[in-house]
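Colleague: I am new to this structure. Could you walk me through how to read it?

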Amino acid sequence: MKNFISVLIVICFLHAHLVAQVSTVSVHKLGKEINSNADDFSPFITNDGLTLFFVTNRGLGKSHLYCSKRKSVDTEWGDADFFQLLSSRMDVVESFKMDGIGRMYFSSTKDSKTGMNLWQAFSDKGNITAKQMPNGINSTFWDSEPTATRNGDVLYFVSGRDRILNGVHLHILQSKLQNDGTWSTPQDLGPKINMGRINNNPFITPDDHYLFFSSVVVAPPSTGRKEITKIYMSEHIGQGVTDWSAPMLLPAEINSESNDIDPMISSDGKTIYFSSDRERSKGYEIYSATLPIDIQMKIKNSFQSK
């Protein structure tokens, strides 16, 4: 009997320890080298964890891309600088991501009669060549916030096509790169992902298996707001464009009672970077958080090179 009780105590201890690991999320606001008195948002970390790109409207009156570097993943970020190679050629840079082979995807108002269009950029020996993505990907409505898989063969983005932006509906769409170099007609991800009036900020894992995104929901009365934006995660459970699991709301430490947007997962699958206006007087700022262990275990294979 004593042995049974001892074993039971050990099991309860291990269970409590595991629950504590799963439920503990450590959130960190990035320092003054990154966050300013302006809105700072749309973070993207390179695979080596040493370069941070983000969008800000500091001192510019409109959004542009900034860049910060650090010597190792254990050191602080250096002062952020205007990313001259790209931003200087665009009217606005509104969001930014890269695939696993260094191609850049972003949105800009440059050469757009409808607000925002998607662009793709390539780096060659320190020079960047940018081109607007073709019609079909870009529409006569708002098209923004691209994210691509490891090889850049599947693209997700946000669009207001067939809707009036101030209507307001924004949905997440998917397009695939064809063998002839053209992109397939973008398709809506369906009601599980596009579950609300505004669904945006997609981040797809390199293997096209997990999608992190934001959706606008009705705010609790305690917030003093009508709506807030929350971050979700969903798993691709089939071959179809709409074959997604029911979205899982990320923990409360990440999803505050304010707007939490722009999820991006580090290349080791352990850390989420995101933007939030939880300190309302400071606008949007960039945060990082350690993902719960259960989510880390679920998504870790999605980041392994193939």
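**Reading the chain step by step**

Modeller: Start with burial. Buried residues make up 50% of the 306 residues in the chain. Keep in mind that this is a predicted model.

Colleague: How many helices and strands are there in the chain?

Modeller: Three helices and 20 strands.

Colleague: What share of the contacts joins residues at least 24 apart?

Modeller: Take the contacts between residues at least 6 apart in sequence; of these, 44% join residues at least 24 apart.

Colleague: And the surface?

Modeller: The accessible surface comes to about 14,900 Å². Carbon and sulfur atoms hold 54% of that.

Colleague: Now the sheets. In what order do the strands of the open sheet with E6 run?

Modeller: Two strands count as paired if there are at least two bridges between them. Here four strands run E6-E7-E8-E9, with antiparallel pairing.

Colleague: Which strands stand at the edges?

Modeller: Strand E6 (95–98) and strand E9 (127–132). Each has a single partner strand, so one side of each is left without a neighbour in the sheet. From one strand to the next, the twist averages 25 degrees.

Colleague: How many bridges join E7 to E8?

Modeller: Five bridges join strand E7 (residues 104–108) to strand E8 (residues 117–124). For one pair to look at, find Ser107: its bridge partner in E8 is Leu118.

Colleague: What is the order in the open sheet that holds E14?

Modeller: The order is E14-E15-E16-E17, four strands with antiparallel pairing. E14 and strand E17 (248–249) stand at the edges. Each of these two has a single partner strand, so one side of each lacks a neighbour in the sheet.

Colleague: Over how many bridges do E16 and E17 pair?

Modeller: Two bridges link strand E16 (residues 227–235) and E17, in the antiparallel sense. Look for Tyr232, which stands opposite Leu249 in E17.

Colleague: Next, pockets. What volume does the largest pocket have?

Modeller: About 490 Å³. It is lined by 26 residues. Those closest to its centre are Arg70, Val73, Thr271, Tyr273 and Ser288.

Colleague: Which elements give two or more residues to that lining?

Modeller: Strand E1 (27–29), strand E19 (271–276) and strand E20 (285–290). E20 gives the most, with three residues.

Colleague: Let us turn to backbone angles. What sign of phi do most residues have?

Modeller: Most residues other than glycine have a negative phi. Now look at Glu145: its phi is positive, about 55 degrees, although it is not a glycine. Asp208 is not a glycine either, and has a positive phi of about 70 degrees.

Colleague: Where do Glu145 and Asp208 sit?

Modeller: Glu145 is in strand E10. Asp208 lies in the loop between strand E14 (199–204) and strand E15 (210–218).

Colleague: Is Glu145 buried or exposed?

Modeller: Buried means under 20% relative accessible area. Glu145 has 11%, so it is buried. Asp208 has 14%, so it is buried too.

Colleague: And how does Phe141 count, at 28% relative accessibility?

Modeller: Partly exposed is the class between under 20% and over 50%. Phe141 is therefore partly exposed at 28%. Find Phe141 in the loop between E9 and strand E10 (143–148).

Colleague: How far apart are Phe141 and Ser159?

Modeller: In sequence, 18 residues. In space, they are 7.1 Å apart, C-alpha to C-alpha.

Technical notes
Residues numbered from 1 in each chain as written. Predicted model: local features only at pLDDT ≥ 70, side-chain atom pairs only at ≥ 80, totals over all residues. Heavy atoms only, no water. Buried < 20%, exposed > 50% of the residue type's maximum accessible area, 1.4 Å probe, protein only. Contact = heavy atoms within 4.5 Å. Areas by Shrake-Rupley, 256 points an atom, 1.4 Å probe, with all protein chains shown as cover. Axes fitted to C-alpha atoms, helices over the stretch in contact; angles between N-to-C directions. 1 Å grid on protein atoms, 1.4 Å probe; cavity = no way out; pocket = protein on both sides within 12 Å on 5 of 7 lines; lining within 4 Å. Points joined across faces, edges and corners; volume = space filled by probe spheres on them.
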